[in-house]
Amino acid sequence: MKYILIAVIFISMIWEMSLHNDGLLLNLYRMGVGTSMWGCATLILFDFFLARIKRNSPFMQEFYETIKNDLIICGVWGVSIVAINYFAPSKYSFLNFDVAGLGVPFFLYGISTMSKCGKLSIAGRKISQKIILAMSFLFLLAYIGSFYVWWQILNNSFTPAKSLWYQISILCTAIFVFTESNRMRFYIEKERIEASPVLLDLLSSFKSTTGMYKQTAIASEQWNKEVQRLKREERKSKKSKKR
């Protein structure tokens with residue numbers, strides 16, 4: 001999997017470098033999402049696959065169980081579109097390849113899920129609204145940017161190669177927004193955070209990495225301990241009130 005991830009990132013980078021300057025807005029979009037989202041989506045799908053075949057942790061298996069239907073439907077629908085376009089009598093064109101449109105519902109679902117996180121609480125304490133608003137704003141910004149790019153695609157503003165790169169980038173970004181918003185909601189509802197052991201092993205195999213994901217795993221354990229302490233205090237407080 002290590003070499004598949006490298007290949008995906010390398011292909012996206014070389015492909016992106018071959019694209020001509022498209023103006024400020026599109027260049028900002030490419031820098032903001034682009035290749036990084038190709039890598040993130042690849043990691044998510046790999047993590048999801050191993051969870052489905054029960055080679056991930058029970059906690060990760062439980063999380064992906066909650067979103068598996070939407071991801072599977074997305075994949076099947078994408079393959080169906082490719083098959084229909086390939087076997088259709090008319091000439092197939094990547095300008096009409098609606099991968100980007102496929103990602104739009106996932107954006108909306110992800111933004112909606114993130115906004116609902118603001119109503120949840122951990123150990124009797126409400127989640128900071130600033131965090132929820134910041135994340136919702138970033139996801140909404142990604143959606144608006146993707147919608148703008150999609151509109152350019154529908155107006156045949158790009159060459160086939162450029163159109164396909166942008167559409168894949170939009171879909172990868174949509175998968176990221178959808179998965180991570182649901183992951184945050186799942187963590188809050190469970191009052192527990194866990195770094196995927198699958199991704200931890202994979203990313204640790206890269207010698208050039210800074211160990212950021214490993215540090216995230218350590219921070220997650222510390223956060224879980226703090227939540228457990230707060231929950232014990234909450235239970236003691238409730239008992240004292242009853243007395």
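Is glutamate 194 buried or partly exposed, and what is its relative accessible area? Glutamate 194 is buried, with a relative accessible area of 16%, and since the cut-off for buried is under 20%, that value falls within the class. Please keep in mind throughout that what we are looking at is a predicted model.

Let me stay with glutamate 194 for a moment, where the side chain meets that of arginine 192 in a salt bridge with an N to O distance of 2.9 Å. Its partner, arginine 192, counts as partly exposed, at 34% relative accessibility, so this bridge joins a buried residue to a partly exposed one. Arginine 192 also has a second contact to report, because its charged end sits over the ring of phenylalanine 59, 4.2 Å from the ring centre, which is inside the 6 Å allowed for such an arrangement.

Turning to the other salt bridges, the count for the structure comes to 6. One of them is formed by glutamate 62 and lysine 190, whose closest N and O atoms are 2.6 Å apart, and this pair links distant parts of the chain, with glutamate 62 in helix 4 and lysine 190 in helix 7, 128 residues apart. Both ends are partly exposed, glutamate 62 at 35% relative accessibility and lysine 190 with a relative accessible area of 38%.

Another salt bridge lies within helix 7, where glutamate 189 and arginine 185 have their closest N and O atoms 3.1 Å apart. These two residues are 4 residues apart in helix 7, and are therefore separated by about one helical turn. Glutamate 189 is partly exposed at 46%, and arginine 185 is likewise partly exposed, at 28%.

Now to the rings. A search of the whole structure finds 16 aromatic pairs. Among them are phenylalanine 48 and tyrosine 64, whose ring centres are 5.6 Å apart and whose planes stand at 70°, so the pair is edge-to-face. Phenylalanine 48 lies in helix 3 and tyrosine 64 in helix 4, so this pair ties together parts that are 16 residues apart in sequence. Phenylalanine 48 counts as buried at 11% relative accessibility, and tyrosine 64 counts as buried at 0%.

A further pair is made by phenylalanine 63 and phenylalanine 186, and this one is tilted, with 5.5 Å from centre to centre and 50° between the planes. It also links distant parts of the chain, phenylalanine 63 being in helix 4 and phenylalanine 186 in helix 7, 123 residues apart. Measured in space from C-alpha to C-alpha, the separation is 6.8 Å. Phenylalanine 63 and phenylalanine 186 are both buried, and, leaving aside neighbours within four places in sequence, phenylalanine 63 is in contact with Thr179, Asn182, Arg183 and Phe186. There is also a cluster, in which ring pairs link Trp15, Tyr29, Trp38, Phe158, Trp165 and Tyr166.

Last, the surface. A nonpolar patch of about 570 Å² is made by Leu24, Leu25, Leu28, Met31 and Tyr148, and helix 2, residues 24-32, gives the most to the patch, with 4 residues. Leucine 28, which is in helix 2, counts as partly exposed, at 46% relative accessibility.

Terms used
Residues numbered from 1 in each chain as written. Predicted model: local features only at pLDDT ≥ 70, side-chain atom pairs only at ≥ 80, totals over all residues. Heavy atoms only, no water. Patch = residues over 30% accessible without salt bridge, like charges linked within 9 Å, V, L, I, M, F, W, Y side chains within 5 Å. Areas by Shrake-Rupley, 256 points an atom, 1.4 Å probe, with all protein chains shown as cover. Salt bridge = Lys/Arg side-chain N within 4 Å of Asp/Glu carboxyl O. Buried < 20%, exposed > 50% of the residue type's maximum accessible area, 1.4 Å probe, protein only. Contact = heavy atoms within 4.5 Å. Phe/Tyr/Trp six-rings, centres within 6.5 Å; stacked < 30°, edge-to-face > 60°. Lys NZ or Arg CZ within 6 Å of the ring centre and 35° of its normal.
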